[in-house]
Amino acid sequence: MPDHESTRRTVVIGNWKMHKTSAEGVALAAELVAGLEPGRAAVAVAPPFTALAPVADALRGSSVSLAAQDVFHEREGAFTGAVSAPMLAAAGCSIVLVGHSERRHVFGDRDEDVRRKALAVLDAGMRPVVCVGETLEQRDAGDAENVVRSQVEAVVARLSEAQLARLTVAYEPVWAIGTGRTATPEIAEAMHRVIRASLAALAGSGAAERTPILYGGSVKGDNAGAILAGANVDGLLVGGASLRADSFLTICHAAG
Ligand code: PEP
C-alpha cells in the first residue's frame with residue numbers, strides 16, 4: 001500500500017455555516033491570508049453564498065481556496081432561492097460541500113439529492129466534498145458503519161475514473177458536530193478505514209488510495225494533531241473553530 005503522505009495532500013476546510021456578513025468575511029479572509037504560513041496543507045474556506053464573491057476577491061493571489069457550503073443540482077431555471085454549480089464556479093469556488101449533516105437533517109437532503117449535487121459540482125469542473133456520518137442513535141444501535149457505507153455508495157457507485165479523481169469524502173459524525181464532543185482519534189481512524197475500504201470495493205483500490213478523507217466534528221487547535229495522526233485521516237472540516245483567524249490558523253498549522 002502506498003504511503004499516504006506521498007499520495008494525498010492534507011486538506012483543511014473552514015465551514016463558516018450561516019455566519020459572517022460580506023464585510024466580516026472579507027476581514028476574516030484577509031487575516032487568514034496574512035497569517036497563514038506556507039505548509040503542505042491545502043486550505044479552503046466556505047463562506048455563506050452572499051460573501052462568496054467578496055471573499056473570492058480577498059483571497060485572490062493567495063493559496064487559500066474558496067468553497068461553497070451547498071448547491072442545487074439544476075443548472076438554471078425556476079428554482080427560487082437556489083444557487084447552481086455554474087454560478088458557484090463563476091463566483092470563484094473550486095470546492096463545494098454536499099450532504100453536510102445540517103443539510104441532511106435540517107433541510108431534508110436525501111442520499112439521492114447529495115448524489116445529484118455532487119454530479120452537478122463535477123459537471124461544473126469543481127471538487128465535491130461529500131459529507132457522511134451517523135447520528136448518535138445509529139451509532140448506539142450498532143449501525144454506524146452501515147449508514148456511512150450506504151451514504152458513500154449512494155454517491156460513488158456510478159462515478160467515472162475522472163470524476164473520482166476530484167472526489168473528497170468528509171466523515172462527520174452527527175453527534176460530534178457543534179457539540180464540543182469530538183470523536184476519539186481511534187473512532188475517526190476506524191471509520192476512515194471503513195470509508196477507504198468502501199471506496200476500494202466500489203471504485204478500485206487506486207481510486208480509494210487517492211481520495212482524501214477528511215474528519216469533521218468539534219475539531220479545535222488542541223485535538224487537530226491527534227486526529228490527523230490517523231493513517232487514513234487526510235484533513236479536517238472545521239466549523240466553529242474556523243470563525244476566528246487565530247483558532248483556524250492554529251489548526252491549519254497543525255495540519256501542515
Ligand atoms: C462542520 O460544520 O462541518 C463542523 C464540523 O462543525 P464543528 O467543527 O463546529 O463541529
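Ser84 is buried, with a relative accessible area of 4%; buried means under 20% relative accessible area, exposed over 50%, and partly exposed in between (1.4 Å probe, protein chains only). You will find Ser84 in the loop between β3 and α4 (85–90). Helices (H or I, at least four residues) and strands (E, at least two) are DSSP runs, numbered from the N terminus. The side chain of Ser84 reaches the backbone oxygen of Arg75 at 3.0 Å. A polar contact is a pair of N or O atoms within 3.5 Å; within protein, one must be able to donate a hydrogen and the other to accept it, and residues adjacent in sequence count only if both atoms are side-chain atoms.

A word on the model before we go on. It is a predicted one, in which local features need pLDDT of at least 70 and side-chain atom pairs count only at pLDDT 80 or more, while totals for chains, interfaces and linings use all residues. Residues are numbered from 1 along each chain as its sequence is written, and side-chain values use heavy atoms, with hydrogens and water left out.

From Ser84, step along to Ala90, which is in helix α4. Ala90 is exposed, because its relative accessible area is 70%. Try finding Ile187 from there: Ala90 and Ile187 are 97 residues apart in sequence, and their C-alpha atoms are 38 Å apart in space.

Now let us turn to the ligand. Which residues are the closest to the ligand? They are Lys17, Glu172, Gly178, Ser218 and Gly239, out of 14 residues that surround it; a residue is near a molecule or strand if one of its heavy atoms lies within 4 Å of it. The shell around the ligand divides into 4 nonpolar, 8 polar and 2 charged residues. In this scheme Ala, Val, Leu, Ile, Met, Phe, Trp, Tyr, Cys and Pro count as nonpolar, Asp, Glu, Lys and Arg as charged, and the others, Gly among them, as polar.

Lys17 is a good place to look first. Lys17 lies in the loop between β1 (11–15) and α2 (22–35), and it counts as buried because its relative accessible area is 18%. The phi of Lys17 is near 50°, a positive value in a residue other than glycine. A polar side-chain atom of Lys17 lies 2.8 Å from an oxygen atom of the ligand.

Ser218 also has a positive phi, of about 55°, although it is not a glycine. Ser218 sits in the loop between β7 (213–216) and α12 (221–228) and is buried, with a relative accessible area of 10%. Here a polar backbone atom is the partner, 2.7 Å from an oxygen atom of the ligand. Taken alone the ligand exposes 290 Å², and the protein buries 97% of that; accessible areas come from the Shrake-Rupley method with a 1.4 Å probe, and for residues only the protein chains shown count as cover. Gly178 takes part through its backbone too, with an N or O atom 2.6 Å from an oxygen atom of the ligand.

Next, pick out helix α8 (residues 144–156). At 1.5 Å a residue, its 13 residues should span 18 Å, and its end C-alpha atoms are 18 Å apart, which agrees; the expected span is 1.5 Å times one less than the number of residues. Which residues of α8 are buried? They are Ala144, Val147, Val148, Gln151, Val152, Val155 and Val156. Seen down the axis of α8, the buried residues fall within an arc of 150°, so they line one face of the helix; the arc is that of the directions from the helix axis to the C-beta atoms.

A few more residues round off the tour. Arg196 lies in helix α10 (residues 185–203) and is buried, with a relative accessible area of 5%. The side chains of Arg196 and Asn232 are joined by a polar contact of 2.9 Å. Val233 lies in the loop between α12 and β8 (235–238), and Val233 is buried at a relative accessible area of 2%.

Finally, is His253 buried, exposed or partly exposed? His253 counts as partly exposed because its relative accessibility is 28%. His253 lies in helix α13 (residues 245–255), and its C-alpha atom is separated by 8.7 Å from that of Pro38, 215 residues apart along the chain.
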